[in-house]
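Open the model in your viewer and keep the selection tool at hand. The stops below say what to select next and what is there.

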Amino acid sequence: MSNVFESTHPLVAHKLTKLRDQSTKPKKFRELTREIAGLLTYEATQDLGTSPKEVSSPMGQTAGVELTDKIGLVPILRAGLGMAEGVWELMPNAEVWHIGLYRDEETLQPVEYYNKLPVSPTVKVCLVLDPMLATGGSAVATVDVLKRWGVSRIKFVGMLGAPEGIALMQEKHPEVPIHLAKIDEKLNEIGYIVPGLGDAGDRLFGTG
Ligand code: PRP
Ligand code: URA
């Protein structure tokens with residue numbers, strides 16, 4: 001699984017433990033989601049390109065850099081919104097393009113309900129944000145959309161991944177790196193990640 005990165009950072013593991021905890025309320029859940037998203041993005045963006053830029057500090061001039069490529073954050077609605085805030089704080093110049101998908105409860109297939117991407121791509125690199133990579137259907141469908149849009153450099157950043165979802169992504173989009181806080185054990189019979197954290201959208205938005 002060379003393109004799959006599971007965080008080994010103790011801060012991520014510590015915060016993920018609190019995130020899973022069923023007694024964690026939505027306010028804290030949102031806070032942890034934002035924080036973990038930022039930490040994972042730090043790990044996922046190590047290879048972003050930079051170009052040289054001179055800078056003058058109050059004490060003198062020195063060589064610096066700036067990010068070269070325009071970055072697009074692509075939160076998958078709804079739960080990806082919880083991650084977008086944390087990532088946007090790190091990259092305030094990124095564009096945010098929402099993709100609305102929900103999983104049909106019977107078939108577990110993704111159903112698209114929101115996509116306002118313009119005809120031509122406006123970004124070079126996309127970070128797809130969704131806390132849960134379960135069957136992988138939603139992530140695969142989103143990457144399909146972004147590839148059709150014309151973006152060739154795409155990364156997936158999530159909290160928890162099931163082996164089934166990781167395998168599907170690797171089959172359909174092997175070149176897309178997957179950054180996760182943790183690879184969990186399995187999916188249950190209704191497509192939830194075990195041990196997981198439950199329904200991420202419901203826990204973020206208090207709708208459970
Ligand atoms: C959840 C989650 C992912 C999807 C993962 O969304 O946020 O988008 O399920 O499942 P998959 O890998 O099997 O496709 P959900 O459909 O519950 O919608 P919501 O975020 O609006 O609650
Ligand atoms: N979506 C969630 O929110 N949780 C899961 O465990 C699987 C899909």
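Select Lys172. With a relative accessible area of 45%, Lys172 is partly exposed. This is a predicted model, and every value on the tour is computed from it. Add Glu171 to the selection: Glu171 and Lys172 form a salt bridge, and their closest N and O atoms are 3.6 Å apart. Glu171 has a relative accessibility of 56% and therefore counts as exposed, since the cut-off is over 50%.

**Other salt bridges**

How many salt bridges does the structure hold? There are ten. Select Asp47, Arg153 and Lys155 together; salt bridges with shared partners join these residues into one network.

Next, select Glu175 and Lys147. Their side chains meet in a salt bridge, at 2.5 Å from N to O. Glu175 is in the loop between α5 (163–172) and β11 (178–183), while Lys147 is in helix α4 (residues 137–149), so the salt bridge ties together parts that are 28 residues apart in sequence. Both ends count as partly exposed: Glu175 because its relative accessibility is 40%, and Lys147 because its relative accessibility is 32%.

Now move to Asp202 and Arg78. A salt bridge of 3.1 Å, N to O, joins the side chains of Asp202 and Arg78. This pair links distant parts of the chain, with Asp202 in helix α6 and Arg78 in the loop between β4 and α3, 124 residues apart. Asp202 has 23% relative accessibility and so counts as partly exposed. Arg78, at 34%, also counts as partly exposed.

**The largest nonpolar core**

Turn from charged side chains to nonpolar ones. In soluble globular proteins, nonpolar side chains tend to be buried together. Select Leu19, Ile36, Ile71, Leu73, Met91 and Leu129. They belong to the largest nonpolar core, which has 33 residues, and they are the ones with the most contacts inside it. Colour the elements that give two or more residues to this core: α1 (10–20), α2 (26–44), β4 (71–77), α3 (80–90), β8 (125–129), β10 and α6 (200–205). Which element gives the largest share of this core? It is α2, with six residues.

Zoom in on Ile36. Beyond its neighbours within four places in sequence, Ile36 is in contact with Val12, Lys15, Leu16, Leu19, Met159 and Ala181. Another core, of 25 residues, lies apart from the largest one; Leu117, Val123, Val143 and Leu146 are among its residues.

**Val157 in strand β10**

Select strand β10 (residues 153–161) and find Val157 in it. Is Val157 buried or exposed? Its relative accessibility is 0%, so Val157 counts as buried. Show what surrounds this side of the strand by listing contacts: not counting residues up to four places away in sequence, Val157 touches Leu40, Thr41, Ala44, Met83, Val128, Leu129, Asp130 and His179. Then add Ile178, which is 21 residues from Val157 in sequence; the C-alpha atoms of the two are 6.1 Å apart in space.

**Ligand 1**

Select ligand 1 and show the residues around it. There are 14 of them, and the closest are Arg103, Asp130, Thr135, Gly136 and Ser138. Three distances to oxygen atoms of this ligand can be displayed in turn:

- Ala134: a backbone N or O atom lies 2.9 Å from an oxygen atom of ligand 1.
- Thr135: a polar side-chain atom lies 2.5 Å from an oxygen atom of ligand 1.
- Gly136: a backbone N or O atom lies 2.8 Å from an oxygen atom of ligand 1.

Ligand 1 exposes 500 Å² when taken alone, and the protein buries 89% of that.

**Ligand 2**

The last stop is ligand 2. Select the residues that surround it: Arg103, Met132, Ala134, Gly191, Tyr192, Ile193, Gly198, Asp199 and Ala200. Backbone atoms supply these distances:

- Ile193: a backbone N or O atom is 2.8 Å from an oxygen atom of ligand 2.
- Gly198: a backbone N or O atom is 2.8 Å from a nitrogen atom of ligand 2.
- Ala200: a polar backbone atom is 2.8 Å from an oxygen atom of ligand 2.

Hide the protein, then bring it back: alone, ligand 2 exposes 240 Å², of which the protein buries 89%.

Terms used:
Residues are numbered from 1 along each chain as its sequence is written. Chains are lettered from A and ligands numbered from 1 in the order in which they are written. This is a predicted model: local features need pLDDT of at least 70, side-chain atom pairs count only at pLDDT 80 or more; totals for chains, interfaces and linings use all residues. Side-chain values use heavy atoms; hydrogens and water are left out. Helices (H or I, at least four residues) and strands (E, at least two) are DSSP runs, numbered from the N terminus. Buried means under 20% relative accessible area, exposed over 50%, partly exposed in between (1.4 Å probe, protein chains only). Contact means heavy atoms within 4.5 Å. A nonpolar core is a set of buried Ala, Val, Leu, Ile, Met, Phe, Trp, Tyr and Cys residues joined through side-chain atoms within 4.5 Å. A salt bridge is a side-chain nitrogen of Lys or Arg within 4 Å of a carboxyl oxygen of Asp or Glu. A residue is near a molecule or strand if one of its heavy atoms lies within 4 Å of it. A polar contact is a pair of N or O atoms within 3.5 Å; within protein, one must be able to donate a hydrogen and the other to accept it, and residues adjacent in sequence count only if both atoms are side-chain atoms. Accessible areas come from the Shrake-Rupley method with a 1.4 Å probe; for residues, only the protein chains shown count as cover.
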